[in-house]
Amino acid sequence: MAAVDAQFYWMSAKIPNDEFLLYAFGGEPTDLDGAAAQVLRRARAGRELGLVVEDGSPLTYPRWVPAPVEAGRVVRHDLVDDGWTGCLDAVAELAGSQLNIREKPWQVHVFAPVHGIPGVRDGCVVVVLQIAHAFADGARASAIAAWLFGREGPVPAVRPRAGLLPCRGVVAARAHRRFVRDTEDGVLAPGLGSRPLLATNSQPAGARVMRTLVRRRGQLSGPTVTVAALCAISTALSDLLGPAAASAAAEVPMAKPGAPLGFNHFGNVVVGLYPELGHDERVRRIAADLANGRRRFEHPATRASDEAFAAVPAVLLRWGVSQFDAEVRPEQVSGNTVVSSVHRGAADLHFGGVPVVLTAGYPGLSPVMGLTHGVHGIGDTVAISVHAAESAVPDVDGYLRLLDAAL
């Protein structure tokens with residue numbers, strides 16, 4: 001297991017970090033059991049999906065080892081409320097049952113029928129892929145789901161590479177000094193830095209709610225879906241929080257360039273939300289923050305740092321994770337919400353012969369993040385999702401109305 005993935009694995013004992021990828025298919029398969037069996041056949045045909053963790057010596061990294069994909073990997077659930085809201089409430093409850101990746105790093109949940117999905121005819125099936133973060137980041141999890149639901153092209157294999165820490169450390173230190181010089185000389189724009197906590201950074205407590213809005217790409221005003229969504233979230237948060245939102249920023253996960261060193265190959269870019277600016281200037285500033293973050297990731301210092309981290313001895317990283325105290329409240333944070341944006345490709349997926357109509361995702365909450373957003377597209381359909389704890393957003397449906405209006 002790569003160091004970056006082991007860190008997610010060990011941290012999951014302190015902060016649950018399973019991911020939940022939702023796919024809605026436009027009808028009910030005539031044979032649900034047959035549809036589930038097809039998913040299992042796809043899983044067994046993909047070598048990358050038949051793995052579990054073997055965690056032996058505390059002095060070494062855990063290992064991914066082959067294991068059979070049992071029939072229980074696909075589970076059907078009966079809904080108390082078979083409406084769209086009732087289905088999302090059931091998905092939110094799944095977050096309370098995290099996967100044990102020594103037994104299985106992914107699980108498929110099937111909900112059928114589900115009625116009232118926006119813009120979709122009645123009687124759909126909703127399928128949720130629950131996957132451990134140690135096993136996949138957002139892009140890799142989307143590729144796994146696509147393979148399970150019929151897209152050609154298997155999930156790419158990733159083979160971790162370590163090297164010697166002293167050598168990697170020297171290279172990383174030199175690259176960092178160059179990074180600092182390039183920033184001071186204006187070649188790179190500096191990062192935005194930390195900011196005050198807002199109500200959205202409240203420690204999650206009370207009910208946790210997931211909600212989703214649906215749009216066509218042409219309904220979103222902005223150069224990209226991500227920028228359009230961030231601009232609307234800025235307005236909605238300003239309406240929710242008032243003047244305190246002036247300093248608001250979002251953490252936006254972004255794929256890193258180059259060959260992956262592990263199953264997780266991304267970093268967070270901090271993007272200002274600029275609610276005080278008009279629409280056009282706000283779009284320009286948000287797009288600039290994203291572009292500057294991408295350029296910083298492309299700097300050789302980022303790769304050198306990642307390669308040095310990959311060479312950290314297991315015992316040292318395990319000890320470091322053990323020192324993390326989730327109860328300690330920081331005085332400042334990188335961002336006041338998370339906005340995870342992933343385009344999941346063409347609308348070419350199927351479940352039991354029924355085509356996909358939308359996909360959504362719900363980034364997890366953490367001790368200092370009580371509100372997160374997902375922006376997920378497939379084909380021409382974009383889902384903008386909210387995941388919130390009552391302690392951070394007491395009236396989630398009210399916030400959803402603000403976001404709906406802003407979009």
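# Briefing: aromatic pairs, sheet and helix packing

Nine aromatic pairs turn up in a search of the whole structure, which is a predicted model. One of them joins Phe 149 and Phe 351, whose ring centres are 6.4 Å apart. The points below cover this pair, a six-stranded open sheet and the crossing of helix 1 with helix 9.

**Aromatic pair and cluster**

- The ring planes of Phe 149 and Phe 351 stand at 85°, so the pair counts as edge-to-face, the cut-off for that class being over 60 degrees.
- Phe 149 belongs to the loop between helix 4 and helix 5 (165-184), while Phe 351 is in strand 13; the pair therefore ties together parts 202 residues apart in sequence.
- Phe 149 has a relative accessible area of 1% and is buried.
- Phe 351 is buried too, with a relative accessible area of 2%.
- Together with Tyr 23 and Phe 25, these two residues, Phe 149 and Phe 351, form one aromatic cluster.

**Sheet**

- The order of the six strands in the open sheet is 4-5-6-1-14-13, and their pairing is mixed.
- The edges are taken by strand 4 (74-77) and strand 13 (350-351); each has a single partner strand, so one side of each lacks a neighbour in the sheet.
- Strand 1 (residues 19-25) and strand 6 (residues 124-131) run antiparallel and are joined by seven bridges.
- Within this pairing, Ala 24 is opposite Val 126 of strand 6.

**Helices on the sheet**

- Helix 3 (residues 84-94) packs on the sheet and touches strand 1, strand 4, strand 5 (106-114), strand 6 and strand 14 (354-361).
- The direction of helix 3 makes about 160° with that of strand 5.
- Helix 4 (residues 138-148) also packs on the sheet, where its contacts are with strand 1, strand 5 and strand 6.
- Between the directions of helix 4 and strand 1 the angle is about 40°.

**Helix 1 and helix 9**

- Helix 1 (residues 3-11) and helix 9 (residues 314-322) have axes that come within 10 Å and cross at roughly 35°.
- The crossing of helix 1 past helix 9 is right-handed.
- On the helix 1 side the contact involves Ala 3, Gln 7, Trp 10 and Met 11; on the helix 9 side it involves Ala 314, Leu 317, Arg 318 and Val 321.
- Sorted by class, the residues of this contact are six nonpolar, one polar and one charged.

Terms used
Residues numbered from 1 in each chain as written. Predicted model: local features only at pLDDT ≥ 70, side-chain atom pairs only at ≥ 80, totals over all residues. Heavy atoms only, no water. Axes fitted to C-alpha atoms, helices over the stretch in contact; angles between N-to-C directions. Helix = DSSP H or I, 4+ residues; strand = E, 2+ residues; numbered from the N terminus. Left-handed = near helix turned anticlockwise from the far one by under 90°. Contact = heavy atoms within 4.5 Å. Nonpolar A, V, L, I, M, F, W, Y, C, P; charged D, E, K, R; others polar. Pairing = 2+ DSSP bridges. Phe/Tyr/Trp six-rings, centres within 6.5 Å; stacked < 30°, edge-to-face > 60°. Buried < 20%, exposed > 50% of the residue type's maximum accessible area, 1.4 Å probe, protein only.
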